Amino acid sequence: VKRSPFKRSSDGTFRVRLSAEERQVLRSLPEQVRQMMADEDPDLVRLFPPAYLDDEEHESEYQHYMREELIKRRLESLSVVEDTVDATHLTEEQVLMWMRVINDIRLILGTKLDVSEDNEDATASLHPTDPRAPLAALYWFLSFLLESTIEALQG
Amino acid sequence: MPAPLPYVMAGPVAATAPATMSAPTISPAELDEPTDEVAVDPDRPWVVIVWNDPINTMSYVTFVFQKLFAYSRQKATKLMLDVHHKGRAAVTSGPRERAELDVFRLHEHGLWATMQQD
């Protein structure tokens with residue numbers, strides 16, 4: 001039987017089944033993302049893409065006004081995940097925030113691991129001693145959680 | 001106190017990892033350039049384009065299209081497949097302010113979205 005960490009309940013909330021160890025991993029992540037945002041870490045490139053490719057004036061305007069708002073929204077979601085990391089039930093709004101945080105971290109890890117169309121599968125079979133193995137394990141764990149949030153939200 | 005954290009994201013992964021991060025796969029040169037110098041009609045609609053990327057999953061992209069634009073599962077799946085197979089898809093269009101809001105919401109969800117006048 002396939003494990004589903006997130007499941008919609010009949011009352012409209014979502015049941016969360018994660019081990020203490022898994023929750024500990026999730027607990028460790030939001031503060032790291034916050035720090036990377038404060039440092040303007042280049043591995044966040046996929047979280048803040050350009051809106052205009054050939055229109056410098058509009059692009060700089062977009063970055064000026066929207067980047068701050070994007071950061072604000074992300075900080076809110078990171079706080080919600082931190083505050084509810086031990087919860088056994090979440091509201092739909094909270095699951096959507098978890099989903100976005102989980103996906104943001106996948107994007108950061110995928111960028112760090114240089115995931116491409118051709119090599120994503122390669123990150124699934126790294127040798128345990130490979131220095132990238134812990135990040136790849138986290139990437140696949142978050143991919144599994146992401147899929148579960150989507151299935152629960154669509155269910 | 002919690003045990004030392006096993007996953008530290010900041011900093012280089014390893015000396016063996018590629019020295020440069022995966023660059024965005026889009027460059028302005030890949031866009032359709034205007035074929036003439038005629039001034040752009042300000043009333044022409046803006047088109048929101050989502051580009052293929054290797055990290056966002058097919059199910060996530062489909063879900064985001066359904067959620068943000070209230071598209072049916074069928075329409076969202078078709079757009080996702082266009083992104084996947086053709087490299088990009090136009091997902092919404094409209095006045096600039098509206099298109100910019102759509103781009104913002106897509107960026108909030110980690111999708112690679114840009115906008116350009118039709």
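Of the 118 residues of chain B, 47% count as buried, where buried means under 20% relative accessible area, exposed over 50% and partly exposed in between (1.4 Å probe, protein chains only). This is a predicted model, in which local features need pLDDT of at least 70, side-chain atom pairs count only at pLDDT 80 or more, and totals for chains, interfaces and linings use all residues. Residues are numbered from 1 along each chain as its sequence is written, chains are lettered from A and ligands numbered from 1 in the order in which they are written, and side-chain values use heavy atoms, with hydrogens and water left out.

**The two chains**

In chain A, buried residues make up 50% of the 155 residues. Helices (H or I, at least four residues) and strands (E, at least two) are DSSP runs, numbered from the N terminus. A contact means heavy atoms within 4.5 Å. The table sets out both chains.

| Chain | Secondary structure | Pattern along the sequence | Share of contacts (residues at least 6 apart) that join residues at least 24 apart |
|---|---|---|---|
| Chain A | five helices and three strands | β-β-α-α-α-β-α-α | 62% |
| Chain B | three helices and three strands | β-α-α-β-α-β | 69% |

Taken along the principal axes, the C-alpha atoms of chain A fill a box of roughly 50 × 40 × 25 Å.

**Helix 2 of chain A**

Helix 2 of chain A spans residues 29-38, and its buried residues are L29(A), P30(A), Q32(A), V33(A), M36(A) and M37(A). They cover an arc of only 160° around the axis, which puts them on the same side of helix 2 of chain A; the arc is that of the directions from the helix axis to the C-beta atoms. An α-helix has 3.6 residues a turn, so residues three or four places apart point the same way. The buried residues of helix 2 of chain A pack against helix 1 (20-27), helix 3 (56-83), helix 4 (92-112) and helix 5 (133-154) of chain A. Just after helix 2 of chain A, E40(A) has a positive phi of about 50°.

The axes of helix 2 and helix 3 of chain A lie 9 Å apart, and the two helices pack at an angle of about 160°. Axes are lines fitted to C-alpha atoms, for helices over the stretch in contact, and angles run from 0 to 180 degrees between N-to-C directions. Helix 2 and helix 3 of chain A are therefore roughly antiparallel to each other, a term that applies to angles over 145 degrees. On the side of helix 2 of chain A, the contact is made by P30(A), E31(A), V33(A), R34(A) and M37(A); helix 3 of chain A contributes I71(A), R74(A), L75(A), L78(A), S79(A), V81(A) and E82(A). These residues divide into seven nonpolar, one polar and four charged.

**Two individual residues**

S10(A) lies in the loop between strand 1 (6-8) and strand 2 (14-16) of chain A. S10(A) is exposed, with a relative accessible area of 84%. From C-alpha to C-alpha, S10(A) and R23(A) are 24 Å apart in space, with their positions 13 residues apart in sequence counted as the separation.

Y60(B) belongs to helix 1 (residues 58-69) of chain B. Y60(B) is buried, with a relative accessible area of 0%. Not counting residues up to four places away in sequence, Y60(B) touches M99(A), R100(A), N103(A), L146(A), I150(A), H109(B) and L111(B). Y60(B) and L111(B) are 51 residues apart along the chain, and their C-alpha atoms are separated by 9.6 Å.

Technical notes:
Parallel < 35°, antiparallel > 145°, perpendicular 65-115°, else oblique. Nonpolar A, V, L, I, M, F, W, Y, C, P; charged D, E, K, R; others polar.
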